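Student: I should like to work through a structure step by step, with the reasoning behind each value set out. May we begin once it is displayed?

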Amino acid sequence: MSSLPRWNRVSPKKSEMEDNAVRFENVSKRFRIYHEKHHSLKENVLTMFRDRRRWEDFWALRGVDLEIPKGQMLGIIGENGSGKSTCLKLLAKILRPNTGAVMVNGSLSALIELGAGFQPDFTGRENVYLNGSILGFSRSEINDRFDEIVAFAELEKFIDTPVKNYSSGMYMRLGFSIAIHVDPDILLIDEILAVGDEAFQQKCLERIRHFRKAGKTIVFVSHALGSVEALCDRAILLTKGKLTADGQPAHTIAEYRRRLGTETGTQILVPELAPCQEKLKESFPDVDGLLAGVDEKMAGIKEVMAWLERRVSEPMSIENARERIVEMEKTMSAAQGQGAVRDQALGDLGRKLELLESRVHTFLSDASPLLSRSFGTNQIEFLDVDFLDGNGTPGKRFRSGDSLTVRVKYRVNEAVEDPIFGISFRDQRGSVVFGTNTVIDRVGSLDTGTMGTLEIKIPRLALLGGLFFVTLAAHSADNTVQYHRMENYYKIQVEPRREYDGAIDMECNWRVIAGEVTSEQ
Amino acid sequence: MEFSTNRLKELFRYKELLFNLVGKEFKAKYKGTVFGFLWSLLVPVVMVLVYWFAFGYLMKTSIEDFPVYLLSGLLPWVFFSGSLLGGVTSITSNGSLINKIYFPREILPISTVLFNMVHFLLSFTILFPALIIFGRPVHIGLYLLLPFVLVIHLMLTVGVVLIVSAWNVFFRDIQHLLEVLLLAWFFMTPIIYSYDLVAGSLQGPLLVLYNANPVVGITELYHAILYGSPFPGVAALAKAFGIALIWLGGGYVIFTQVEPRFAEEI
């Protein structure tokens, strides 16, 4: 056990901590990504004297210094894999830093995973007590809050039903309600505002505002830049585990967008989005005209429209386009419930939205087959991709006929059944020159663990010279759900081995047999 | 040791979770069964009947009232081995919880031990009738020592379970190794034979080795109190307490040393 690292336990100095709720001091967090996961003594013994470095280090956070004053609401933004969630897990004491120290001043509640630890067979009531005790409540404290928790979750009628019979919305509402009634000094929120319907989301936001007014410290991690800007006092940007911007939310968000736009191979290609935005605007040429003739009760619709308009006019990424359509649909369906009077107008809106959605989709695939984008449900997340040549040296230039190994570090954020991994190469015209996946290659079912490395070894690269666009994907067995798809996300340059003509490199053995040619030969 | 008193305070703050987890295990284990908890009594009863047949009836052991002797050593053993087998995976099987929520991780193995402890206490319902049926001498004075012995036994068991549950996160072999080990361990403990037999046959280093088994002392205390074999004296009680304290302390130190890595290793 001598190899186990130790953690620096630094207790906060009183004077420094008094005004700060949270302090990160040179915090780094490393994850070991094992090439082969050793989980048994035998394997450990067998490999003890051999190559001991059968893992690679992935630094989720590197040298982060951060102070969060009491009463501040801090937003954390950044791309997938930039270290946002690691930050929260460090704050929540689920992870410990490898270097530096995380100091927390006050009680803390984490809305990271709602309903974690729920027992499906237990009733809602039993789960409130169990979950409450996981969060550190005593029985009497739960008793005091019980009615309020149930009322907030709107589950009065179902509280004695086993939670396995709950809808996912009910499940999340109960989880949220328990967590938010902890009444902590510091609240951590990770993308959970997507809980339930619009009305419930409003309630959650209301609760968060209430927390702010009460002078509580809130750390809010989100991809919804709009919410960060609207809610937070301050925002920080994480890029590959480093703190790269800190300040007013608007300022940090602008910096984030700037970085996304300029870095190669990133999610948002601003110039290509301009026409997309045009099309979105086209779809709403005359909001007021649409609403003409509708009486004053339709003010709600106008609000929805204004909201849609705002969303549409915001600069957007391709990834967000989908999210936004889903959001719009949600808003629509929430509005739909408000009254039959509005159906007529809503029908028009709905059709427009459908049209818009199909236009966006068509646009995305038509605009350019070589559009680079990264999207997915994030259940599996690709963290880092390396292209290695025959010597194992990472790079972007390869030779036909040599070996190419694609090494993909991934993390499983949420267990999925039988994921399929795929890879494809497109040439500069956008045609797929080669594509395969773990089913086509009959790899069998994969034991992915919670994180690891996927290696795709191509012993002999048969591509002839040129620039090739690589797509990597992890998707469900029926290919309906993309966990993570990095479309044309990477480019590799292939040098031809010889001056062959065409697109592929084939071994050709020539032989000439001189002599008389007989007819039967 | 300032940090450990803080940890202990925190553990105490989470006592509600401890009780809830024990209750949860009960509900989960006996849900939908007709006989419920009675099933857990069946294992020691069948074991006693089998050993009684083999050693008492066929091999004519010299131990008088052999079933009572068996029960008074076997029931504590079932508590100990059940705790180890249940506790060894208590961390690894709760990965989703550990990855998502903070709470003192030692709650998980400790709750498994308490769950088995409750079973152990309930199993006295078969032991005491047996004492009466076989007309064993009853020493009220010795019975008063029983709570102390139970506490010592609990400390020892928690200590061992903390170690195996923590190590199993890093080497999943531990859980399999433990099954084999417990089989040998059972026969290295005076349960189906008397300690006198060991003391008569083994000498020198072998006897020292045999006595290094921390369960030997505690089993002899149970024999003295429940079966009525000669009481080994207060010194033996103190020694057992000391050994249990070392195991508990050692187990706790080992556990807290490696605990921060659980979330990323599971």
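Tutor: Contact here means heavy atoms within 4.5 Å. The model under discussion is predicted.

Student: Against which helices do the buried residues of H2(B) pack?
Tutor: Among the buried residues of H2(B) are B:Leu17, B:Leu18, B:Leu21, B:Val22 and B:Phe26. The buried residues of this helix pack against elements of both chain A and chain B. From chain B these are helix H3 (38-58) and helix H6 (107-122), and from chain A they are helix H4 (124-134) and helix H5 (139-153).

Student: How far apart are the end C-alpha atoms of helix H2 of chain B, and what span should its residues give?
Tutor: Helix H2 of chain B covers residues 15-30, which is 16 residues. The expected span is 1.5 Å times one less than the number of residues, so for this helix it comes to 22 Å. The model agrees with that expectation, its end C-alpha atoms being apart by 23 Å.

Student: Which residue just after H2(B) takes a positive phi?
Tutor: Most residues other than glycine have a negative phi. Just after H2(B) the phi is about 80°, and the residue that takes this value is B:Gly32.

Student: Is A:Asn488 buried or exposed?
Tutor: A:Asn488 has a phi near 50°, a positive value in a residue other than glycine. Its place is in strand S18 (residues 482-495) of chain A. Because its relative accessibility is 2% and the cut-off is under 20%, A:Asn488 counts as buried.

Student: Is A:Arg442 buried or exposed?
Tutor: A:Arg442 also has a positive phi, near 50°. This residue lies in the loop between strand S15 (432-437) and strand S16 (451-458) of chain A. Since its relative accessibility is 71% and the cut-off is over 50%, A:Arg442 counts as exposed.

Student: What is the C-alpha to C-alpha distance between A:Leu95 and A:Lys29?
Tutor: A:Leu95 is found in the loop between helix H3 (84-91) and strand S4 (99-104) of chain A, and at 5% relative accessibility it counts as buried. Leaving aside neighbours within four places in sequence, its contacts include A:Lys29 and A:Phe31, as well as B:Ala263 and B:Glu264 of chain B. A:Leu95 and A:Lys29 are 66 residues apart in sequence, and their C-alpha atoms are apart in space by 8.6 Å.

Student: Among contacts in chain A between residues at least 6 apart in sequence, what share joins residues at least 24 apart?
Tutor: The secondary structure of chain A comes to 14 helices and 18 strands. Of its 521 residues, 48% count as buried. Among contacts between residues at least 6 apart in sequence, the share that joins residues at least 24 apart is 72%.

Student: How do the residues of the lining of the largest cavity divide, and what elements give two or more of them?
Tutor: There are two cavities of 30 Å³ or more, and about 50 Å³ of space lies in the largest cavity. Its lining includes B:Ile152, B:Leu156, B:Pro214, B:Gly217 and B:Ile243. The elements that give two or more residues are helix H9 (146-170), helix H13 (214-227) and helix H14 (234-258) of chain B. The lining divides into seven nonpolar, one polar and no charged.

Student: How many disulfides are counted over all chains?
Tutor: A disulfide is a covalent bond between the sulfur atoms of two cysteines. The cut-off applied is a pair of cysteine sulfur atoms within 2.5 Å. By this rule the number of disulfides over all chains is zero.

Methods. Residues numbered from 1 in each chain as written. Chains lettered and ligands numbered in written order. Predicted model: local features only at pLDDT ≥ 70, side-chain atom pairs only at ≥ 80, totals over all residues. Heavy atoms only, no water. 1 Å grid on protein atoms, 1.4 Å probe; cavity = no way out; pocket = protein on both sides within 12 Å on 5 of 7 lines; lining within 4 Å. Points joined across faces, edges and corners; volume = space filled by probe spheres on them. Helix = DSSP H or I, 4+ residues; strand = E, 2+ residues; numbered from the N terminus. Nonpolar A, V, L, I, M, F, W, Y, C, P; charged D, E, K, R; others polar. Buried < 20%, exposed > 50% of the residue type's maximum accessible area, 1.4 Å probe, protein only.
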